[in-house]
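Subject: Structure handover

Hello,

Here is the structure we talked about. Please open it next to this note; my findings follow below.

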Amino acid sequence: MISLILDSSNVYLNVGLAINSKLIDKISYEAWQKQSEYMIPELSLIHI
């Protein structure tokens, strides 16, 4: 199963991809009050 992990609940934006519960790739950086603006463009940077 492929899981897309999105977390924008704090100062950082976290986007990850897991396959069968194993983390394959992730992006995490400070995005104070702009997490939702940056989230969708970051999805194109995740690699399988």
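What covers the buried residues of H1? The cover includes three strands: S1 (2-7), S2 (12-19) and S3 (22-30). Please keep in mind throughout that this is a predicted model.

**Overall picture**

The chain has one helix and three strands. Read from the N terminus, the order is β-β-β-α. Along the principal axes, the C-alpha atoms fill a box of roughly 30 × 20 × 15 Å. The chain has 48 residues, and 23% of them count as buried. It exposes about 3600 Å². Carbon and sulfur atoms supply 58% of that area. Take the contacts in the chain with a separation of 6 or more: 26% of them come from residues 24 or more positions apart.

**Confidence**

Mean pLDDT for the chain is 83. Of its residues, 92% reach 70 or more. S1 has the highest confidence, at a mean of 89. H1 has the lowest, at 76. Bear that in mind for the helix details that come next. As a general rule, predicted coordinates should not be read in detail where pLDDT is low.

**The helix**

H1 spans residues 35-43. Gln-35, Met-39 and Glu-42 are buried in it. Why do these three sit on the same side of H1? Because they cover an arc of only 80° around the axis. Glu-37 and Ile-40, on the other side of H1, are exposed. To return to the opening question, strands S1, S2 and S3 are among the cover over the buried residues.

**Gln-35**

This residue lies in H1, and I looked at its surroundings separately. Gln-35 has a relative accessibility of 8%. The cut-off for buried is under 20%, so Gln-35 counts as buried. What does its side chain reach at 3.5 Å? The partner is the backbone oxygen of Val-11. A polar atom of the Gln-35 side chain also lies 3.2 Å from the backbone nitrogen of Gln-33. Setting aside neighbours within four places in sequence, Gln-35 is in contact with Ser-8, Asn-10, Val-11, Tyr-12 and Leu-13.

**The S2-S3 hairpin**

S2 and S3 run antiparallel, and eight bridges join them. Ala-18 stands opposite Leu-23 in S3. The two strands form a hairpin, with two residues between them.

Now the backbone angles in that loop. Most residues other than glycine have a negative phi. Asn-20 has a positive phi, near 50°. Ser-21 has a positive phi too, near 70°. Neither Asn-20 nor Ser-21 is a glycine. Asn-20 is found in the loop between S2 and S3, and Ser-21 has its place in the loop between S2 and S3 as well.

Are these loop residues buried or exposed? Asn-20 is exposed, with a relative accessible area of 58%. Ser-21 is exposed, at 79%.

**In brief**

One helix and three strands make up the secondary structure. The helix has buried residues on one side and exposed ones on the other. S2 and S3 pair as an antiparallel hairpin, and Asn-20 in its turn has a positive phi of about 50°.

Best regards

Key: Residues numbered from 1 in each chain as written. Heavy atoms only, no water. Buried < 20%, exposed > 50% of the residue type's maximum accessible area, 1.4 Å probe, protein only. Helix = DSSP H or I, 4+ residues; strand = E, 2+ residues; numbered from the N terminus. Arc of directions from axis to C-beta. Contact = heavy atoms within 4.5 Å. Areas by Shrake-Rupley, 256 points an atom, 1.4 Å probe, with all protein chains shown as cover. pLDDT = per-residue confidence, 0-100. Pairing = 2+ DSSP bridges. Polar contact = N/O pair within 3.5 Å; in protein donor to acceptor, adjacent residues only side chain to side chain.
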